[in-house]
Amino acid sequence: MPDRLPQPEERGTGQPVDRPVDPTKDFVSPMGFLYQDYVQPMPAGGVQFMDNAWYFGTDYTGLVIVRTPDGLIMLDALTTPQDMQSQFLDQAAAAGLDPGDIRYVFLGHRHGDHIGGANLIRDNHARRAKFVMGQPDAAAVAEDLAELRAHRHEYTEEEYRARLARLPSRIDIEVEATPGHTVGMKRIRIGRRTEAVAILAPGHTEGQMHVIVPVVHQGETHKLLVWSGNDNADAAAQYAVSADYVQGLAGLEGADTFINTHAYQGGVFSHLRALKADPAAPNPMIMGRSGVQRHIEIFGHAHRALAQRLIDGTWKRMQPGAGSATRVRSEVAEHGGVRPPRAGRGRAWR
């Protein structure tokens, strides 16, 4: 444990800061403070949590690989090319995986800690892979690329190339909203035998996307819902609507297994480590259909309640002021060092 607790102004919250109870199981404190000092890389070779699915990355954020009869699917792409190299590419052979077999890369949302290694996969390992993203976030990434190029003179050549490397150079398939709605879905054929369901569900970002893919565990077929992203108070009402939509689709598709690429959510990292140590241990990612339904329902209700509390004033949104500089610095670090949008661009950096 740290010798001293961070002060409220250091966390940018203006409220008391408490300790995590047991950071080996959950490094989010009871009051909701995230202690990234406890984050560790996943064990060598990643964690095989299903017969044909692996998690690579760290206790905090990672990617999921699913091996299908038609090739590999990658879901999210870590924070930097260096992370992609050390946390996945250098570990893939130990898991019996060939990055050259990647056929589709689903980028769950535009934040830097989910897209930063995408170009390394496309350019060096899987040139024919298709990259998929929610349309609003694909548009935002294209805007970020254009802005970066327009302001190239503000950076050294090394800084510019590093930032450019972390922004996906091209999105091949965009998942759009159903006309008249903010949500939508697209069925994507990975090959003749495999179909993925990509779900546009704004909340954490405007183009947040989750994916349902078929997996196998101990010889039995399951449907895995891969969730990308955590909360967002600024879009709580929309997040609740999106959760309802995802819940409905998950029910129709028979999703009975769940994982978030932020493995600190629900302390999943500790369960992954337990499965690495003992592959025969109980697998909490397999929740059953009713469990996945309940999980999403609670998430939606929490955001619906948060939206109401923001309206009635019983929950105060974090405001600029004391500690705001520290908050911005921490958010930049969290999202892979990519600079937050300029003022007036109207996109929440969370």
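## A walk through a two-sheet protein model

Let's start at one residue and work outwards: Glu253 sits in helix 7. The model is a predicted one, and in it Glu253 has a relative accessibility of 14%. Is Glu253 buried or exposed? Buried means under 20% relative accessible area, so Glu253 counts as buried. Leaving aside residues up to four places away in sequence, Glu253 touches Arg187, Val197, Ile212 and Lys223.

Those contacts lead us to a sheet. Strands 8 to 12 make an open sheet of 5 strands in the order 8-9-10-11-12, with mixed pairing. Strand 8 (184–189) and strand 12 (257–260) are at the edges; each has a single partner strand, so one side of each is left without a neighbour in the sheet. On average, and with direction ignored, neighbouring strands here are turned by 25 degrees against each other. Within this sheet, strand 10 (residues 209–217) and strand 11 (residues 220–227) run antiparallel and are joined by 7 bridges. One of the bridge pairs links His217 to Glu220 in strand 11.

Back to helix 7, which spans residues 236–253. What does its axis do relative to that of helix 9 (residues 288–312)? The two axes come within 7 Å and cross at roughly 165 degrees. Angles over 145 degrees count as roughly antiparallel, and therefore helix 7 and helix 9 are described as roughly antiparallel to each other. The crossing of helix 7 past helix 9 is left-handed. On the helix 7 side, the residues making the contact include Ala236, Ala240, Ala243, Val246 and Ala250. Helix 9 contributes residues including Val292, Ile296, Phe299, His303 and Leu306.

Now for the other sheet. It is open too, with 7 strands in the order 1-2-3-4-5-6-7 and mixed pairing. Strand 1 (47–50) and strand 7 (173–175) are its edge strands, each pairing on one side only. From one strand to the next, the twist averages 25 degrees.

Strand 3 (62–68) is a good place to look inside this sheet. Why can strand 3 be called largely enclosed by the rest of the structure? Because 6 of its 7 residues are buried. Strand 3 pairs with strand 2 in the antiparallel sense over 5 bridges, and the two form a hairpin with 4 residues between them. Trp54 has Ile65 of strand 3 as its bridge partner. Strand 3 also pairs antiparallel with strand 4, again over 5 bridges, and here the hairpin runs through 2 residues. Val64 is bridged to Leu75 in strand 4. Towards the edge at strand 7, the sense of pairing is parallel: strand 6 (residues 130–134) and strand 7 share 3 bridges, and Met133 has Glu174 as its partner.

Helices pack against this sheet as well. Helix 2 (residues 81–92) lies across strand 2, strand 3, strand 4 and strand 5, running at about 145 degrees to strand 2. Helix 8 (residues 268–277) touches strand 1 and strand 2, and its direction makes about 95 degrees with that of strand 1.

Finally, let's step back to the whole protein. It has 10 helices and 12 strands, and 52% of its 350 residues count as buried. Among contacts with a separation of 6 or more, 63% are between residues 24 or more positions apart. The accessible surface comes to about 15800 Å², with 52% of it belonging to carbon and sulfur atoms.

Terms used. Residues numbered from 1 in each chain as written. Predicted model: local features only at pLDDT ≥ 70, side-chain atom pairs only at ≥ 80, totals over all residues. Heavy atoms only, no water. Buried < 20%, exposed > 50% of the residue type's maximum accessible area, 1.4 Å probe, protein only. Contact = heavy atoms within 4.5 Å. Areas by Shrake-Rupley, 256 points an atom, 1.4 Å probe, with all protein chains shown as cover. Pairing = 2+ DSSP bridges. Axes fitted to C-alpha atoms, helices over the stretch in contact; angles between N-to-C directions. Parallel < 35°, antiparallel > 145°, perpendicular 65-115°, else oblique. Left-handed = near helix turned anticlockwise from the far one by under 90°.
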